[in-house]
Amino acid sequence: MSDPFQPLFPSREERIAHNESWSRSLNERRAEWVSERHVMQGFRCECWQDDCAERILLSGEDWRMARAEPNRFAVAPDHVAPDIEVVVMKRSHFWLVEKLGEAGEVAEEHARSD
Ligand SMILES: [Zn+2]
């Protein structure tokens with residue numbers, strides 16, 4: 001029987017950052033073929049919930065904004081963990097969040113190692 005007190009990753013923040021980086025790598029593949037087109041596409045929500053299946057609509061410009069900083073992520077409205085991230089922009093179809101503290105540092109490390 002597995003020990004419930006032995007999570008896969010050392011901390012909740014690290015687990016969340018791993019999940020967001022994973023969503024991001026899927027979205028980056030998608031962004032390769034949307035890139036310069038202005039149509040909105042169904043991107044995977046990059047929020048902290050590892051079982052989130054929400055799709056968000058982003059234009060190429062929205063996506064570039066989300067990628068401008070390694071610790072920023074595009075999420076569905078209200079998909080925010082207020083203890084580890086702040087909302088930096090709200091649009092009707094998606095919000096932009098920025099990681100704080102350890103979660104932000106882990107996200108930046110992932111962005112560098114990609
Ligand atoms: Zn979500």
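## Cysteines and disulfides

A disulfide, for the count used here, is a pair of cysteine sulfur atoms within 2.5 Å. In general terms, it is a covalent bond between the sulfur atoms of two cysteines. This is a predicted model, and by that rule the count comes to 0 disulfides. So where do we find cysteine sulfur atoms in this structure? Cys45, Cys47 and Cys52 each offer an SG atom to the zinc ion.

## The zinc site

Let's look at that metal. The protein donors of the zinc ion are the three SG atoms of Cys45, Cys47 and Cys52, together with ND1 of His79, and they lie 2.0 to 2.3 Å from the ion. Along the sequence, these donor residues follow the spacing C-x1-C-x4-C-x26-H.

What is the geometry of the site of the zinc ion? The site is tetrahedral, with angles of 106 to 115° among the 4 donor atoms. For four tetrahedral donors, the ideal angle at a metal is 109.5 degrees.

Are the cysteines buried or exposed? Cysteine 45 is buried because its relative accessibility is 2%, under the 20% cut-off. Cysteine 47, at 1%, counts as buried, and cysteine 52 does too, at 13%.

## Meet glutamate 46

Glutamate 46 belongs to the loop between strand E1 (41–44) and strand E2 (55–58). With a relative accessible area of 0%, glutamate 46 is buried.

Which residues does glutamate 46 touch, leaving aside those up to four places away in sequence? They are Glu20, Ser23, Arg24, Asn27, Trp63, Phe73, Ala74 and Val75. With arginine 24, the glutamate 46 side chain makes a side-chain polar contact of 2.7 Å. Asparagine 19 is 27 residues from glutamate 46 along the chain, and their C-alpha atoms are separated by 8.0 Å.

Notes. Residues are numbered from 1 along each chain as its sequence is written. This is a predicted model: local features need pLDDT of at least 70, side-chain atom pairs count only at pLDDT 80 or more; totals for chains, interfaces and linings use all residues. Side-chain values use heavy atoms; hydrogens and water are left out. Buried means under 20% relative accessible area, exposed over 50%, partly exposed in between (1.4 Å probe, protein chains only). Donors are N, O and S atoms within 2.8 Å of the metal (3.2 Å for Na, K and Ca); water is not among the atoms, so sites may look incomplete. Four donors count as tetrahedral if all angles lie between 85 and 135 degrees; four count as square planar and six as octahedral if opposite donors are over 155 degrees apart and all others between 65 and 115; anything else is irregular. Helices (H or I, at least four residues) and strands (E, at least two) are DSSP runs, numbered from the N terminus. Contact means heavy atoms within 4.5 Å. A polar contact is a pair of N or O atoms within 3.5 Å; within protein, one must be able to donate a hydrogen and the other to accept it, and residues adjacent in sequence count only if both atoms are side-chain atoms.
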